[in-house]
Amino acid sequence: MYKKIIVGTDLSKTAEIAVEHASHMAKALGAELFLVHVGSDPGAPLKELAESMAAEAVCVSGNPAEALLSETERLGADLLVVGSVGMSGAKRFMLGNVPNKVSHHSDKDLLIVKTDRRKGGASGGYKKILVGTDGSATAMRAVEMASELSKQLGIRPTVVTAYEPPTEQELDALRKSDVYSQWNAPKAQRDTPAEFQWRIADASQAQDVLERAEHCAAEKGVEADVRAVEGSPAETLLGIAQDEGFDLIAVGSVGMAGPKRFMLGNVPHRLSHHTPTDILILRTA
């Protein structure tokens, strides 16, 4: 799946955790690994770390976030790995300045490794992956990519769709429009309007999404566990990941975001800032 992986490091203890995860991913997938340090060349420490991780060391100058994005493009990498904190200077966003900026501007898949409040290390790799989807084209693309990764890592993914029934006010608006007839059409005839794809009306429609996700995973040679849960997408995924000990959440960079979107998409944006575990943001647009 991934051929070249870049991981940013400032040689701090937190960044070291991200490097370990990137190294494990690279070994599991047979990918090349590059350690990118932004700033003055630290010499032996960077070289020794790269050698211990079977990676190539790269040292560049400039703004950390911009330099990581530039090196990802220059080296032709298809996965960028950063720690959730570290490499961010004295003033930090909740996520950390560098990963926050990178998450909004990277056109490659991005793995954000939680480097605070961790339980255990990276030696065992990922064991449980949680995939979020709302049935939209972009979100289903994320299911495809996550399923392919799961197969290569030898794990069984869990695919979740969260559904929120429309409010009475929204239903009244729907009844006055052509959307209502489409919404209630038979499954074979229904083509859910894009503006309502993010909000699944009920469990039966959520089940439709899961059937497609299950089929999508099967096409990649993976048997996925699927479930529909009533609730908002971000909070649902966060709760499941926390309560059931998932060590990786995978979502598309767009989709699952509602009518008002951040550059990254509302749900992946919220997940990246609040997830209790690592998050893989799959570029689906």
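A residue counts as buried under 20% relative accessible area, as exposed over 50%, and as partly exposed in between. Gly39, at 29% relative accessibility, therefore counts as partly exposed. The model described here is predicted. Its protein chain has 10 helices and 10 strands, and 52% of the 285 residues count as buried.

**The chain as a whole**

- The surface exposed by the protein chain comes to about 13,000 Å².
- Carbon and sulfur atoms supply 49% of that exposed area.
- Among contacts in the protein chain with a separation of 6 or more, 72% are between residues 24 or more positions apart.

**Gly39 and its surroundings**

- Gly39 belongs to the loop that runs between strand E2 (32–38) and helix H2 (44–52).
- Leaving aside residues up to four places away in sequence, Gly39 touches Cys59, Val60 and Ser61.
- Asn63 is 24 residues from Gly39 along the chain, and the C-alpha atoms of the two are separated by 8.6 Å.

**Helix H4**

- Helix H4 covers residues 97–105, and 7 of its 9 residues are buried, so the helix is largely enclosed by the rest of the structure.
- The buried residues of H4 are Asn97, Val98, Pro99 and Asn100, together with Val102, Ser103 and His104.
- Helices that help to cover these buried residues include H3 (64–75) and H10 (266–274).
- Strands also take part in the cover of H4, including E4 (79–83), E5 (109–113) and E10 (278–282).

**Asp134**

- Asp134 sits in the loop between strand E6 (129–132) and helix H5 (137–153).
- The relative accessible area of Asp134 is 6%; buried means under 20%, so Asp134 is buried.
- A polar contact of 2.7 Å links the side chain of Asp134 to the side chain of Ser136.

**Aromatic rings**

- A search for aromatic pairs across the whole structure finds 0.
- The ring of Phe246 has Lys128 lying over its face, at 4.5 Å from the ring centre.

Key
Residues numbered from 1 in each chain as written. Predicted model: local features only at pLDDT ≥ 70, side-chain atom pairs only at ≥ 80, totals over all residues. Heavy atoms only, no water. Buried < 20%, exposed > 50% of the residue type's maximum accessible area, 1.4 Å probe, protein only. Helix = DSSP H or I, 4+ residues; strand = E, 2+ residues; numbered from the N terminus. Contact = heavy atoms within 4.5 Å. Phe/Tyr/Trp six-rings, centres within 6.5 Å; stacked < 30°, edge-to-face > 60°. Lys NZ or Arg CZ within 6 Å of the ring centre and 35° of its normal. Polar contact = N/O pair within 3.5 Å; in protein donor to acceptor, adjacent residues only side chain to side chain. Areas by Shrake-Rupley, 256 points an atom, 1.4 Å probe, with all protein chains shown as cover.
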